[in-house]
Amino acid sequence: MTDNLLSSAREILARLIAFDTTSRNSNLELIAWIENYLDQHGVTSTRVVNADASKANLYATVGPNVAGGIILSGHSDVVPVDGQDWQTNPWLVTERDGLLHGRGTCDMKGFIALALAAVPMFKQGAKPVHLAFSYDEEVGCLGAPAMIAEMAAKLPKPALAIIGEPTMMKVVTGHKGITVHEVEVLGHEAHSSLPHIGLSANMVAVELMHDLADLARTLWEQGDPDSPFVPPHATLTIGTMAGGTAANILARRAHFVFDLRCPPGVDPEAILAPFKAKITALDAEMKQAFPEAGVSIHQLSNAPPMTPTGSQDAEAFVRRLTGDNGAAGVVSYAAEAGQFQQAGFATVICGPGSIEQAHQPNECLAVEQFARGADFMERLAEALA
């Protein structure tokens, strides 16, 4: 059975990788393909679309519509390949030396392919498998909440949710939360030789980014040495920045985006409160000089952390399937697991592949890990029979 499952999963993975679902793009072609695949197996699925219907989550119940089922969840979007040194076509699965290369193979279309390949087995179960595929996880876990809310309201109560992020098929019971903010600075253009009659948005932005760099160092120094996370402290990084039009013009506009990742129990709002207070004061000061100038901060996303609380039975169940007897792990990346947990689902993370391969050029998933994922799906089907 596993050989058949693996063969089917390889074919499905090739189809999924061929869709360029970089977060800036629509994922609707991939979603339509999955809908058609499920329909061919007699499974009805439901879309939960974004505001302009350019992207969609998809969830479906495979098997009887009864309580006690298992959610298998993965995100459909991937990170960009721009500027990365790929040795293979990132949109084509290429096997080399026991590794399946392609954007999204480990993060996390490999898991989705395995779950879809197991649909014929799941259909025979006495308990259902609820498939849940989201959009825009990679840009702040933006898509899943609407789908999770609908699933919580409409589905018979599932026993647990398994989020298939790459963990080398080890059980993970905790991850950091993430909040992403954009800072926008508007200055007043003038010739760069006359800075006293203008206001450079770039200079203001640099000052604010320097404050964030100082804050990042403080968080490092205040890290709990007993924390299971690596690194143990909250982390703050500036991901993008832009500003200005020419060297000899005081910049009219500058902006930058930063993310703050906090372990459970660490409040991101408390950390950012002094920085936000400075922005409020600085905005007022800039507007006194030039009414059109100013600085603002806007939260783009805020995803909660996941903790082991309430997931002991879920952890034990998944351990029985994987044979993982080691200590439960935690991961420093953010995921949708915290959102499922916040909605009342007992939740763990477990999936094939290594997070160290994610977001890299030549991203890959070991064939051995793919096979272990197939074994997991087969054991899950047996457990639900």
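Mentor: Let's start with two helices: the axes of α6 (residues 201-221) and α7 (residues 268-289) come within 11 Å and cross at roughly 165°. This is a predicted model, in which local features need pLDDT of at least 70 and side-chain atom pairs count only at pLDDT 80 or more, while totals for chains, interfaces and linings use all residues. Residues are numbered from 1 along each chain as its sequence is written, and side-chain values use heavy atoms, leaving out hydrogens and water.

Trainee: What makes α6 roughly antiparallel to α7?

Mentor: Set the angle of roughly 165° against the cut-offs: under 35 degrees is roughly parallel, over 145 roughly antiparallel, 65 to 115 roughly perpendicular, and the rest oblique. The value is over 145, so α6 is roughly antiparallel to α7. Axes are lines fitted to C-alpha atoms (for helices, over the stretch in contact), and angles run from 0 to 180 degrees between N-to-C directions. Helices are DSSP runs of H or I with at least four residues, strands are runs of E with at least two, and both are numbered from the N terminus.

Trainee: Which residues make the contact of α6 and α7?

Mentor: Contact means heavy atoms within 4.5 Å. α6 brings in Val204, Glu207, Leu208, Asp211, Leu212, Leu215 and Leu219, and α7 brings in Ile271, Leu272, Phe275, Lys278, Ile279, Leu282 and Met286. By class there are 11 nonpolar, no polar and three charged. Here Ala, Val, Leu, Ile, Met, Phe, Trp, Tyr, Cys and Pro count as nonpolar, Asp, Glu, Lys and Arg as charged, and the others, Gly among them, as polar.

Trainee: Why are α8 and α10 called oblique to each other?

Mentor: Helix α8 (residues 312-322) and α10 pack at about 120°, with axes 9 Å apart. That angle fits none of the other three ranges, so the two helices are oblique. Their contact includes Phe317 and Leu321 of α8, and Phe376 and Leu380 of α10.

Trainee: And what makes α3 oblique to α10?

Mentor: α3 and α10 pack at an angle of about 40°, with axes 10 Å apart. Once again no other range holds the value, so α3 is oblique to α10. Among the residues that meet are Phe111 in α3 and Phe370 in α10; by class this contact has six nonpolar, two polar and no charged residues.

Trainee: On to the sheet: why do β4 and β15 stand at the edges?

Mentor: The open sheet has three strands in the order β4-β5-β15, with antiparallel pairing. β4 (94-96) and β15 (364-366) each have a single partner strand, so one side of each is left without a neighbour in the sheet.

Trainee: How do you know that β5 and β15 pair?

Mentor: Two strands pair if DSSP finds at least two bridges between them. Three bridges join β5 (residues 99-101) to β15, and Leu100 stands opposite Leu365 in β15. Helix α3 (residues 105-117) lies across β5 and β15, running at about 55° to β15, and helix α10 (residues 367-384) lies across β4, β5 and β15, at about 65° to β15.

Trainee: Last one: is Ser73 buried or exposed?

Mentor: Buried means under 20% relative accessible area, exposed over 50%, and partly exposed in between (1.4 Å probe, protein chains only). Ser73 has 0%, so Ser73 is buried. Ser73 sits in strand β3 (residues 70-75). Leaving aside neighbours within four places in sequence, the residues in contact with Ser73 include Met108, Phe111, Ile163 and Phe340.
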